[in-house]
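Biologist: I have a protein model to learn from. Could you take me through it, one question at a time?

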Amino acid sequence: MVLGELGGSVVRALQKMSNSTIIDENVLNECLKEITRALLQADVQFKLVRDLQMNIKNIVNLDHLAPGHNKRNIIQQAIFNELCKMLDTGEPSFMPKKGKTSVVMFVGLQGSGKTTTCTKYALYHQKKGWKPALVCADTFRAGAFDQLKQNATKAKIPFYGSYVESDPVQIAVEGVDRFKKENRDLIIVDTSGRHKQEAALFEEMRQVSEATNPDLAIFVMDGSIGQAAYDQAQAFKQSVAIGAVILTKMDGHAKGGGALSAVAATKSPLTFIGTGEHMHEFEVFNVQSFVKRLIGMGDLSGFIDKIQEVEYQQPEHMLELLDGNFTLRMMYDLYLLKGPMGQALSLLPGLGAKLMRKGQEKESQAKIKQLDNTDPKLIKDSRIMRIARGSGRKVAEVMEMLNELNEYKQRAKILSQMKEVKNLKKGGMSSLSRNMNAQNMSKVLLPQMMNMCGLRSSMKQMGSALLKT
Ligand SMILES: Nc1nc2c(ncn2[C@@H]2O[C@H](COP(=O)(O)OP(=O)(O)OP(=O)(O)O)[C@@H](O)[C@H]2O)c(=O)[nH]1
């Protein structure tokens, strides 16, 4: 989950404020105090947090608001705007164009997740119809070529590298030339990392860059370093023309918020974030979508993007859901926000926040693991007791989880009966894919899925504006 704790705390603070009958200075101060605490815990720089707090207080002047103004909305909007301002990473980055050859060079320290991210980046574009290729110019780390080869083979992406050549410049040039000849439109060059910022690393980066003349150099940084990301980004920017930044390991790291704001402070465009070790745990970074999610408003554009991945990677999940089946496996993915389906559903307004609010993903994970792959109908009392004993849980907790599963199942049944869903299913997966455009999603499937997740009311509260985003 992306910055689960920070998001959960912000959502809780807003929820608490919304539950107050009267919103006065005290309630606002309390809400801001909790948000401030959460941001500091996420390693966001003190000055940034203090500015955010002051700006919100200046904008939301409760004494001067004419009666009839919706104070909650005004406060939420001010928090949204200020968080966006804080995380705004400056000018948009160079975007490679499909069909036109672009060379993209990846740089970063050793262990930052550079090699993994190269393949994630290639796969992301491949799923969108590009023809990517990978070049391994990392001759420093033994095993780097094997790792890239393994990842690329799994993702069915062409690759180039050498076990014998030790000159990274030569490998980079040969690889880029070969893939240009093969009309690949996205040639990704993985370069060597070092344990720390050292002269040899920067010199090698400069040489590879000079020889391959990349259209874009992407700096991959480990998000768990928090605020320290500021100095690292500045140092790399001074040595090579960095056009974009990707932050990795943003899954569950307490310091992720600090890394995000630090990158923003260097005004380096942040284009993607890595949210796990698996190939599909990779997300486009868009400030507004990200903040919407952080404060529990959901991210519908991200949802549509992700649901297309469900068809690509877990078509059986999509069909199962539309057939009215909601399985334990899906609930498992949902709780852990794993797999495209779990990730997609978490982007719906209210649901991501609901899951974050639980703040007990690990416990949920342990509970579900006990029941994974088991048909709940077959779970008799004695088995429930056994599961409870074996997992160290109360019987009531196991039953609560089974009830929740049944609830999802019933809603999935209702979803499958909808006329629109039946029409979508008629032509099988290919028709589903054809129909899976943004307009169709927002008109047909999306409202039904939200209904299924019991989100109709929160949707209404937030107004139809969300569907238009
Ligand atoms: N949790 C998590 N782990 C990640 C993520 N991205 C990469 N990793 C893991 O981080 C470790 C290092 O990743 P690599 O891709 O080998 O790192 P690298 O920067 O290429 O390392 P060098 O080639 O030595 O420079 C691996 O175990 C990856 O699986 C991410 O977004 N989340």
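Modeller: What follows is a set of short questions and answers on this predicted model.

Biologist: Start with the whole chain. How many helices and strands does the chain have?

Modeller: The chain runs to 469 residues, and buried residues make up 54% of them. Its accessible surface comes to about 21,400 Å², with 49% of that belonging to carbon and sulfur atoms. As for its elements, the chain has 24 helices and eight strands.

Biologist: Take contacts between residues at least 6 apart in sequence. What percentage join residues at least 24 apart?

Modeller: A contact here means heavy atoms within 4.5 Å. Among contacts between residues at least 6 apart in sequence, the share that joins residues at least 24 apart is 75%.

Biologist: Now the inside. Which helix gives the largest share of the largest nonpolar core?

Modeller: That core has 69 residues, and L39, F236 and L247 have the most contacts inside it. Eight of the core residues come from one helix, residues 71–87, and that is the largest share. The helix is α4.

Biologist: How many residues are in the other core, the one that lies apart?

Modeller: This other core lies apart from the largest one. Its members include V104, C118, A155 and F282. Its count is 25 residues.

Biologist: Is L83 buried or exposed?

Modeller: L83 is found in helix α4. Beyond its neighbours within four places in sequence, L83 is in contact with L39, L52, V291 and I295. Its relative accessible area is 1%. Buried means under 20%, so L83 is buried.

Biologist: How far apart are the C-alpha atoms of L83 and T117?

Modeller: Along the chain, L83 and T117 are 34 residues apart. In space, their C-alpha atoms are separated by 26 Å.

Biologist: On to the ligand. What percentage of the area it exposes when taken alone does the protein bury?

Modeller: The ligand is surrounded by 20 residues, and the closest are Q110, K114, T115, T116 and R141. A backbone N or O atom of G113 lies 2.9 Å from a ligand oxygen. Taken alone, the ligand exposes 650 Å², and the share of that buried by the protein is 84%.

Biologist: Which residue has a side-chain N or O atom 2.6 Å from an oxygen atom of the ligand?

Modeller: K249 offers a backbone N or O atom, 3.0 Å from a ligand oxygen. The side-chain atom, at 2.6 Å from an oxygen atom of the ligand, belongs to T116.

Biologist: How many polar residues are in the shell around the ligand?

Modeller: Helix α5, residues 114–127, supplies four residues, the largest share of the shell. By class, the shell has one nonpolar residue and seven charged residues. The polar residues number 12.

Biologist: Which residues does N151 contact, leaving aside neighbours within four places in sequence?

Modeller: N151 has its place in helix α6, residues 144–154. Its relative accessible area is 15%, so N151 is buried. Its contacts are T115, T116, T119 and M279.

Biologist: Is S209 buried or exposed?

Modeller: S209 sits in helix α8, residues 199–212. Away from its sequence neighbours within four places, S209 is in contact with M105, P214 and V240. Its relative accessible area is 19%, which is under the 20% cut-off. Therefore S209 is buried.

Biologist: Which residue has its backbone oxygen 3.3 Å from a polar side-chain atom of T101?

Modeller: T101 is found in the loop between α4 and β1. Its relative accessible area is 30%, so T101 is partly exposed. Not counting residues up to four places away in sequence, T101 touches K180, R184, D185, I187 and D215. The backbone oxygen at 3.3 Å belongs to R184.

Biologist: What is the phi of D43?

Modeller: D43 lies in the loop between α2 and α3. D43 counts as buried, at 17% relative accessibility. D43 is not a glycine, yet its phi is positive, at about 75 degrees.

Biologist: And K267: what is its relative accessibility?

Modeller: K267 is in the loop between α10 and β7. Its phi is positive too, near 55 degrees, and K267 is a residue other than glycine. K267 counts as partly exposed, with a relative accessibility of 47%.

Conventions
Residues numbered from 1 in each chain as written. Predicted model: local features only at pLDDT ≥ 70, side-chain atom pairs only at ≥ 80, totals over all residues. Heavy atoms only, no water. Core = buried A, V, L, I, M, F, W, Y, C linked by side-chain atoms within 4.5 Å. Buried < 20%, exposed > 50% of the residue type's maximum accessible area, 1.4 Å probe, protein only. Helix = DSSP H or I, 4+ residues; strand = E, 2+ residues; numbered from the N terminus. Near = heavy atom within 4 Å. Polar contact = N/O pair within 3.5 Å; in protein donor to acceptor, adjacent residues only side chain to side chain. Areas by Shrake-Rupley, 256 points an atom, 1.4 Å probe, with all protein chains shown as cover. Nonpolar A, V, L, I, M, F, W, Y, C, P; charged D, E, K, R; others polar.
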